[in-house]
Amino acid sequence: MQQTPTRLSMENPIKIVSYNVNGLRQRVSQFGSLSNLLNTFDADIICFQETKLRRQELTSDLVIADGYESFVSCTRTNNKGRIGYSGVATFCRVKSAFLSTEVALPVAAEEGFSGFIDRCRRKEGLEEFEKDELVKIDSEGRCVVTDHDHFGAFKVCVSDFEMELMLIILFSTVLFNLYGPRAAHDDTERIEFKMKFCKILQKRWENLLHEGRRVFVVGDLNIAPTAMDRCDADPDFEKNEFRRWFRSMLVLSGGLFVDVFRAKHPDRREAYTCWSSSTGAEQFNFGSRIDHILCAGPCLHQEHNLQGHSFLSCHVKECDILTEYKRWKPGDTTRWKGGWGIKLEGSDHAPVYMSLEEIHDIPRHNTPPLSARYLPMIHGVQQTLVTFLTKRQGATQIQSSRISSSFSDGDATVKACSKSMKRSFNECSISHPSTSPSCSLTEVFDSAISKRDENSKDLTDENQGCPDTKMILQSQPTKLVPAEGTKKKPRKSRCSQLSLRSFFQKSPSLGTDAENSSTNASPSQAESNTSSYLNGSHAPGNKSSSPKHCQLNPNAGSQDHDKGNDGSIEREKTNVALLEWKRIQQLMKNSIPVCKGHKEPCVARIVKKPGPSFGRRFFVCSRAEGPVSNPEANCGYFKWASSKSQHK
């Protein structure tokens with residue numbers, strides 16, 4: 001039986017994009033939707049870094065888009081009080097998420113690279129590291145690994161008939177979407193963390209390559225490998241331990257990886273992917289190249305061991321920086337003057353892309369379980385129809401905790417926690433409220449409270465979370481006052497609550513007195529009066545407690561007479577404050593120095609880095625940072641302010 005292996009005829013170009021979005025939520029808002037953002041790249045695999053999303057913040061509008069499968073990793077720790085920093089996400093464009101032969105859809109995926117995040121099992125080759133070290137490295141959400149099988153498939157012809165038998169060969173391709181940690185030169189803790197991060201990564205890569213797999217590394221590694229990749233590199237720039245480690249991984253230094261961009265553009269200078277957002281460095285392209293695409297492993301050809309065959313020469317068509325995604329572009333009228341005149345849309349990074357050719361489909365497979373579509377917070381929101389048909393519990397609690405009142409045709413309706421109680425006023429003698437034995441203000445409240453108590457059981461069953469409330473009588477609609485210890489504020493109801501005015505509708509003069517009384521009374525007095533009514537302490541025969549004697553402030557008229565004088569005094573104070581503020585602004589303007597290079601006013605800054613100068617104010621040139629040879633760029637002027645800022 002003769003077997004003739006031949007390559008499947010289906011060939012597709014593959015485009016991979018790496019982009020530090022500096023906040024995925026902001027980029028989605030910038031482009032209108034996640035789909036719009038992804039479609040602008042026209043890429044098959046899109047790797048985002050620095051998404052700044054916590055796991056509980058993942059929603060379908062941020063990680064789910066039609067035609068894409070997504071795999072995310074979020075920060076699981078609060079390092080130095082920071083939450084929601086870091087984070088990576090890989091989006092794969094597919095036509096079908098089930099039984100797909102597309103190479104962009106991975107056959108497997110994992111969060112992190114140690115194996116302890118999703119599988120709780122150490123990866124091979126990492127035995128020398130402690131479990132706590134591996135968990136700490138992966139807890140910052142800096143890596144998503146996707147296995148795209150072998151980027152190639154074969155069919156086998158057997159005798160006179162053809163059977164398609166997909167041979168899973170060992171040369172699978174593993175893609176690392178990475179966001180490397182940043183470490184300041186004087187932060188020993190982060191330097192140690194970053195070095196451990198790099199060593200563990202290197203061990204994992206070496207183990208995969210030893211197994212015969214290809215490894216792609218894309219993302220923001222926070223390392224500029226050579227002086228050519230940095231705008232202001234000093235003579236000792238390349239002596240940094242992380243830059244030495246990076247170069248040791250490259251083929252030029254005896255390593256196994258190829259820096260794809262530098263291999264395609266070996267002599268290109270000022271090719272940067274990141275610019276400082278605090279100095280306006282984009283205006284003069286004063287940045288660094290820290291976003292990379294690395295690859296290692298054999299090419300896809302059967303004769304890959306022959307001389308001259310490599311993945312770079314056989315399959316990488318092009319690799320470049322997408323400078324059109326920069327926030328500031330040449331020709332823009334906006335200039336940096338201590339800050340941008342308008343808010344610039346976009347990240348402080350530019351995307352990097354790589355195009356591959358002669359890539360074949362792979363065996364049919366489904367979406368890996370790590371896909372965002374299977375996450376509980378996404379799965380529930382997307383596929384549970386009950387949530388759209390059920391009344392929200394929060395709204396029910398607020399509605400049931402309202403106490404409102406409505407009056408029509410002499411009837412008083414008292415609603416306590418959505419339970420209505422009515423009592424007619426036809427039996428009440430409003431003209432003689434203080435002496436009538438048939439009806440009094442106390443009876444009205446006693447009746448309302450008794451009916452409220454009758455329904456308290458049902459109310460408790462429906463809404464056990466209803467906060468304790470107090471009812472305050474005022475001329476205006478009363479509001480619920482939460483008991484001490486609670487922070488929730490109930491929403492305002494359109495229906496007004498009980499007020500004193502409602503009991504004197506048949507007597508305009510009495511209504512006016514009640515209105516004046518409730519208006520001039522302090523909240524504590526009104527609350528005290530309400531409590532006494534509810535407790536029945538106001539007897540019908542007590543004139544002091546009758547509505548006719550409700551005036552609490554006999555000097556209300558004189559206070560109204562003085563409102564005109566108070567208004568003029570307030571206007572005069574406002575004018576004085578305005579003049580004083582203008583004087584202070586003029587003094588501040590006169591105290592700002594001018595830079596020596598351009599004779600322009602400087603901008604003030606404050607030292608935010610912990611240390612002996614923390615909080616101290618200083619002045620710098622207002623122009624954007626740029627090369628020293630450019631006279632239009634920042635001249636480097638610096639001057640300390642006269643005194644330190646006082647901090648309590």
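Lys15 lies over the face of Tyr353, 5.1 Å from the ring centre. A second lysine, Lys194, sits over the face of Phe242, at 4.7 Å from the ring centre. Both placements come from a predicted model.

| Lysine | Ring beneath | Distance from ring centre |
|---|---|---|
| Lys15 | Tyr353 | 5.1 Å |
| Lys194 | Phe242 | 4.7 Å |

**Aromatic rings**

Rings also meet one another. The structure holds 15 aromatic pairs. One aromatic cluster is formed by Tyr19, Phe41, Phe48, Phe91 and Tyr325. Phe48 of this cluster falls within strand 3, which spans residues 45-49. Strand 3 has the highest mean pLDDT among the elements of the protein chain, at 98.

**The second largest pocket**

The volume of the second largest pocket is about 330 Å³. Its lining counts 17 residues, and those closest to the pocket centre are Glu110, Lys123, Arg204, Leu208 and Arg213. Three elements give two or more residues to this lining: strand 6 (108-111), strand 7 (143-147) and helix 5 (188-210). What is the split of the lining into nonpolar, polar and charged residues? The lining of the second largest pocket has 10 charged, 5 nonpolar and 2 polar residues.

**Confidence**

The protein chain has a mean pLDDT of 74. Of its residues, 63% reach 70 or more. Strand 1 (residues 3-7) has the lowest mean pLDDT among the elements, at 37.

Two stretches need care. Residues 394-445 have pLDDT below 50, yet this stretch makes 116 contacts in the model beyond near neighbours in sequence. Residues 508-552 also have pLDDT below 50, with 50 contacts in the model beyond near neighbours in sequence. Where pLDDT is low, predicted coordinates should not be read in detail.

Definitions and conventions
Residues numbered from 1 in each chain as written. Predicted model: local features only at pLDDT ≥ 70, side-chain atom pairs only at ≥ 80, totals over all residues. Heavy atoms only, no water. 1 Å grid on protein atoms, 1.4 Å probe; cavity = no way out; pocket = protein on both sides within 12 Å on 5 of 7 lines; lining within 4 Å. Points joined across faces, edges and corners; volume = space filled by probe spheres on them. Helix = DSSP H or I, 4+ residues; strand = E, 2+ residues; numbered from the N terminus. Nonpolar A, V, L, I, M, F, W, Y, C, P; charged D, E, K, R; others polar. Phe/Tyr/Trp six-rings, centres within 6.5 Å; stacked < 30°, edge-to-face > 60°. Lys NZ or Arg CZ within 6 Å of the ring centre and 35° of its normal. pLDDT = per-residue confidence, 0-100. Contact = heavy atoms within 4.5 Å.
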